Amino acid sequence: MKIEANAITQFAGPRAIVDGVDLTMEPGMMTGLIGPNGAGKTTLLRILAGIQQQSRGSVHYDGCASRELSLRCLARKVAFLAQAGEVNWALTVERLVELGRLPHRTLGVPGQVDAAAVHRAMQATEVLELRQRMVSTLSGGERMRVLLARALAVEARALLADEPVTALDPYHQIHVMELLRQQADSGMTIAVVLHDLTLAHRYCDRLVLMDAGVVLAEGPPSEVLSDANMASAYGVHLQRGQGPGGEFVLPWSCIDQPTTSKEAERKSA
Ligand SMILES: Nc1ncnc2c1ncn2[C@@H]1O[C@H](COP(=O)(O)OP(=O)(O)OP(=O)(O)O)[C@@H](O)[C@H]1O
């Protein structure tokens, strides 16, 4: 599904926390939203998902304005994965993942189609063995995978995920990024907020770099992650390398603090 945002502006009091953002996301494409803390990424993602109403501007889904769609219809088209937080509901993992099917259900208990979607989502996120656990007893990383399963269970045409890998160990970070990549390759529209620039560079088709509510740069990862953009948005240098799997980047040093203290000790020895 094509998602088009035009001149999106969001005010918090007098301050524009998202300021005149234009963005188009195509089916089959994985877009990474990056930028420093407070840049406006979550706010923009919530507006794109129809969870938050923008102060100005418009969002269209395959040409259909968000205001023309009911919340239920939008919830079937766009799945949203919020930033990880506490989940204090007295629910098992399986019941929580089933909530992803609510936009599809008109009456009563989940049917076979719902059960199959829930099973697929739990299998893909490797949480089947947690299915009977109470959500409140999960670790942060387990909880995030379960919440991703809930979002996948919607089987929507777009998935917008806010920092889905931040709490995960390296195996699950790669696993989740591969999973999102597969969803994009199968035609889904994926947008993902990431702080990990190595993963953003490796997995996204394009990046949108935000700072202070505006889009500073947009395009292929290797262009957006330029030295000038990294210095301007984050105040960091990246190391760039070439491995058997391709080119990679690593956030390496703060500008004006080019080495870690251990490196400085080594160099002066
Ligand atoms: N309701 C609100 N009232 C006041 N300020 C808000 C409100 N919502 C967001 N903000 C502010 O808007 C800015 C953008 O917030 P947002 O959560 O979109 O940033 P972000 O890029 O996702 O940040 P992070 O990487 O830290 O998660 C922040 O400075 C935040 O404090």
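**View 1. Asn88 in its loop.** Asn88 sits in the loop that joins strand S6 (78–81) to H3; helices (H or I, at least four residues) and strands (E, at least two) are DSSP runs numbered from the N terminus. This is a predicted model, in which local features need pLDDT of at least 70, side-chain atom pairs count only at pLDDT 80 or more, and totals for chains, interfaces and linings use all residues. To help you find your way, residues are numbered from 1 along each chain as its sequence is written. Is Asn88 buried or exposed? Asn88 is exposed, because 8 other C-beta atoms lie within 10 Å; with C-beta atoms placed from the backbone, 12 or fewer such neighbours within 10 Å count as exposed, 20 or more as buried, and anything in between as partly exposed. Look also for Thr137: its C-alpha atom is 9.2 Å from that of Asn88, although 49 residues separate the two along the chain.

**View 2. The shell around the ligand.** Ala12, Ile17, Gly35, Asn37, Gly38, Ala39, Gly40, Lys41, Thr42 and Thr43 surround the ligand, each with its backbone-placed C-beta atom within 6 Å of the molecule. Helix H1 (residues 41–48) is the element that gives the most to this shell, with three residues. Sorted by class, the shell has three nonpolar, six polar and one charged residues. Here Ala, Val, Leu, Ile, Met, Phe, Trp, Tyr, Cys and Pro count as nonpolar, Asp, Glu, Lys and Arg as charged, and the others, Gly among them, as polar.

**View 3. Helix H4 and its buried face.** Ala117, Val118, Ala121 and Met122 are the buried residues of H4. Down the helix axis these residues fall within an arc of 130 degrees, so they line one face of H4; the arc is that of the directions from the axis to the C-beta atoms. On the other side, Gln112, Val113 and Gln123 are exposed. The cover over the buried residues includes helix H3 (93–98) and helix H5 (140–153).

**View 4. Glu126, just past H4.** Glu126 lies in the loop between H4 and H5. Its phi is positive, about 55 degrees, although Glu126 is not a glycine. Most residues other than glycine have a negative phi. Glu126 counts as partly exposed because it has 16 C-beta neighbours inside 10 Å.

**View 5. Helix H5, mostly covered.** Twelve of the 14 residues of H5 are buried, including Glu142, Arg143, Leu147 and Ala151. These buried residues pack against S6, H3, H4, strand S7 (158–162) and helix H6 (170–185). How far apart are the end C-alpha atoms of H5? They are 20 Å apart, which agrees with the 20 Å expected for 14 residues at 1.5 Å a residue, taking the expected span as 1.5 Å times one less than the number of residues. After the helix comes Glu155, with a positive phi near 50 degrees.

**View 6. The largest nonpolar core.** Among the 74 residues of this core, Leu48, Ala151 and Leu160 touch the most other members. H5 gives the most to the core, with eight residues. A nonpolar core is a set of buried Ala, Val, Leu, Ile, Met, Phe, Trp, Tyr and Cys residues joined through C-beta atoms within 7 Å. Leaving out residues up to four places away in sequence, Leu160 touches Leu45, Leu48, Ala49, Val78, Phe80 and Ala191, where contact means backbone-placed C-beta atoms within 7 Å.

How values were computed
Contact = placed C-beta atoms within 7 Å.
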